[in-house]
Amino acid sequence: MQVVDSRAGARAWVEARRDGGGTTGLVPTMGSLHEGHASLLRIGRENSDHLALSIFVNPLQFGPGEDLERYPRNLEADLEVARKAGVDLVFAPTAAEMYPAGEPWVRVVPVSGADRLCGRSRPGHFEGVLTVVAKLFGILQPDVAVFGRKDFQQLALIRRMVIDLDMAIRLMDGPTVRDPDGLALSSRNQYLSAVERERALALSRALAACQALHESGEENPAVYREAMQGAAVGGVELEYAEVVDAATLAEPAVVERGTVCAIAARVGSTRLIDNTVLGIDRIDGAARGGGR
Ligand code: AMP
């Protein structure tokens with residue numbers, strides 16, 4: 001496994017692979033890797049000959065007052081996860097390396113799809129995400145790139161970027177990996193105290209309730225929204241609870257298999273997001289009552 005921190009080093013790796021042929025897969029991350037990231041690396045490993053992992057906490061996608069400075073960083077542990085997953089290249093640049101000319105003048109700005117859900121409370125976030133993903137695609141030139149459905153709005157916008165800008169990349173996605181009690185794995189879970197972690201189970205419980213509604217045949221989006229809003233109890237401050245079409249991000253008239261229920265909330269000072277695809281995802285732990 002090769003580890004590089006420069007764009008030149010990454011490009012040299014890309015050039016060397018090009019001579020030998022084979023496809024390249026990329027899994028972009030912000031590091032502090034957990035089993036969710038590892039599951040995406042497995043998808044990448046199975047679907048490409050050469051597998052690259054990027055680790056970069058992208059300042060461009062953090063707003064003022066967000067957790068850029070305290071975002072968990074742990075390169076040594078990440079390299080161990082990468083080695084076990086059979087990664088060939090780890091690209092872990094600094095911000096100065098990624099943005100050598102400073103604030104980029106030219107960015108990928110979504111004109112639709114970023115004004116709702118997470119975009120409402122995080123203006124400029126998806127612009128930062130799409131810009132860095134486009135840069136990573138430019139540097140590592142992957143044939144395949146793998147993203148998690150955990151960040152489903154991000155995934156929808158990246159899908160549109162690839163279509164709208166004609167990027168020759170096959171996108172693949174992986175399901176959300178959860179702790180046994182239902183909590184979606186997130187690098188930000190490290191911020192939670194024991195009490196907050198228990199409270200955070202309200203999110204996956206709300207989504208499990210949505211799956212149960214779907215199983216009972218409920219088709220009215222408002223009923224799902226109300227069920228999720230009911231989860232905002234005891235130290236969980238709801239930011240949004242929405243029912244959306246996975247591709248258009250608009251609320252469907254009728255809820256059906258494949259509709260997404262998405263929720264964002266603050267637990268203490270930690271912002272958490274989660275979602276479930278109705279009739280497709282399973283939230284076992286939460287369905288059992290959050291492991292309590
Ligand atoms: P991050 O490091 O949080 O920026 O995430 C990097 C990639 O991992 C993104 O495509 C995320 O959607 C994905 N990811 C994060 N958490 C999970 C999870 N619990 N299960 C599956 N994928 C995840």
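Modeller: Helices (H or I, at least four residues) and strands (E, at least two) are DSSP runs, numbered from the N terminus. This is a predicted model, in which local features need pLDDT of at least 70 and side-chain atom pairs count only at pLDDT 80 or more, while totals for chains, interfaces and linings use all residues. Residues are numbered from 1 along each chain as its sequence is written, and side-chain values use heavy atoms, with hydrogens and water left out.

Biologist: Which elements each supply at least two residues of the shell around the ligand?

Modeller: β2 (24–29), α2 (35–46) and β5 (144–148) do. The largest share, three residues, comes from α2.

Biologist: What makes a residue one of those that surround the ligand?

Modeller: One of its heavy atoms must lie within 4 Å of the ligand. 17 residues surround the ligand, and the closest are H37, G148, D151, V177 and L185. By class, the shell has eight nonpolar, seven polar and two charged residues. Ala, Val, Leu, Ile, Met, Phe, Trp, Tyr, Cys and Pro count as nonpolar, Asp, Glu, Lys and Arg as charged, and the others, Gly among them, as polar.

Biologist: Why is the pair formed by H37 and the ligand called a polar contact?

Modeller: A polar contact is a pair of N or O atoms within 3.5 Å; within protein, one must be able to donate a hydrogen and the other to accept it, and residues adjacent in sequence count only if both atoms are side-chain atoms. A polar side-chain atom of H37 lies 2.9 Å from an oxygen atom of the ligand, so the pair qualifies. Backbone atoms take part as well: a polar one of G148 is 2.8 Å from a ligand oxygen, and a polar one of L185 is 2.9 Å from a ligand nitrogen. The protein buries 92% of the 490 Å² that the ligand exposes when taken alone (Shrake-Rupley areas, 1.4 Å probe; for residues, only the protein chains shown count as cover).

Biologist: Why does R178 count as buried?

Modeller: Buried means under 20% relative accessible area, exposed over 50%, and partly exposed in between (1.4 Å probe, protein chains only). R178 has 17%, so it counts as buried. R178 sits in the loop between β6 (170–174) and α8 (194–215). Its side chain has a polar atom 2.9 Å from the backbone oxygen of G182, and a polar contact of 2.9 Å joins it to the side chain of D274.

Biologist: Why is the protein called as compact as a globular protein of that length?

Modeller: The protein has 10 helices and nine strands. Its radius of gyration is 19 Å, close to the 19 Å that the globule rule gives for 292 residues, so the description holds. The radius is taken over C-alpha atoms, and the rule is 2.2 Å times the number of residues to the power 0.38.
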